[in-house]
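Trainee: I want to learn how the labels on a model are justified. Can we go through them one at a time?

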Amino acid sequence: MPVNGVDIRYDAFVSYHDMEQRWVLSVLQPTLEEHPYNFKLCLDYRDFIAGEKIIDNIENAIKYSRKMLIVVTKNFAKSEWCYFEMEMARTRMFDNHEDIFVVVILESVPSRNMPTLLQKILRKKTYIEWPKHPDGQKVFWTRLAAALNSPNAHHDRLIN
């Protein structure tokens, strides 16, 4: 389905630090891509084109995804590549006048240890925390699916 003249291929590009790849591969991806959710995620290890510049892969992942799912951890907050992905998404936000961020807090990070852009995103967006106890996981998945299915917010809610 085209969005702003672009054929969207993915429901969400997942931005995460490599240290969290195990959780993304074993928990996030199978849950969201299988029944009952059936989302199509853009994941670097599977969907980035080998031989292309990493910057081009990131740009295309954001361009062809309806949302950007950020998995926040201490490693994510320190990563220059993760920051770059957020900046690329912010550029799309302003170009298209839409807010595409969906935020999952996998690990608590003090705001003093976050880049300013991530702090702004967390102040403006309702984020979803990964529950430590399995009893809370059903609610987590329901909330995350609702966020991924929600329309992209209008420009008046953009993160400056």
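**Labels and their cut-offs**

Mentor: Start with a network: salt bridges link Glu33, Arg46 and Asp47. A salt bridge is a side-chain nitrogen of Lys or Arg within 4 Å of a carboxyl oxygen of Asp or Glu. The structure holds five of them. This is a predicted model, where local features need pLDDT of at least 70, side-chain atom pairs count only at pLDDT 80 or more, and totals for chains, interfaces and linings use all residues. Residues are numbered from 1 along each chain as its sequence is written, and side-chain values use heavy atoms, without hydrogens and water.

Trainee: What makes Arg92 and Glu98 a salt bridge?

Mentor: Their closest N and O atoms are 2.9 Å apart. The limit is 4 Å, so the pair qualifies.

Trainee: How do you know that Lys125 and Asp99 also meet in a salt bridge?

Mentor: Their N to O distance is 3.6 Å, and that is within 4 Å, so the label holds. The pair links distant parts of the chain, 26 residues apart. Lys125 is in the loop between H6 and E8, and Asp99 is in strand E6 (residues 98-99). Helices (H or I, at least four residues) and strands (E, at least two) are DSSP runs, numbered from the N terminus.

Trainee: Why is Asp99 called buried?

Mentor: Buried means under 20% relative accessible area, exposed over 50%, partly exposed in between (1.4 Å probe, protein chains only). Asp99 has 1%, so it is buried. Lys125 has 15%, so it is buried too.

Trainee: Why is Glu87 called partly exposed, and Arg90 buried?

Mentor: Glu87 has a relative accessible area of 22%, so it falls between the two cut-offs. Arg90 has 18%, so it is under the lower one. Their side chains meet in a salt bridge, 3.3 Å from N to O. Both lie in helix H5, three residues apart, about one turn of the helix.

Trainee: What is the nearest side chain of opposite charge to Glu85?

Mentor: Arg92, 13 Å away. Lys and Arg count as positive, Asp and Glu as negative; His and the chain ends are not counted. The limit is 4 Å, so Glu85 has no salt bridge, although it is buried.

Trainee: How do you know that the buried residues of H7 line one face?

Mentor: Those residues are Phe140, Trp141, Leu144, Ala145 and Leu148. Seen down the helix axis, they fall within an arc of 125°, so they line one face. The arc is that of the directions from the axis to the C-beta atoms. On the other side, Lys138, Val139 and Asn149 are exposed.
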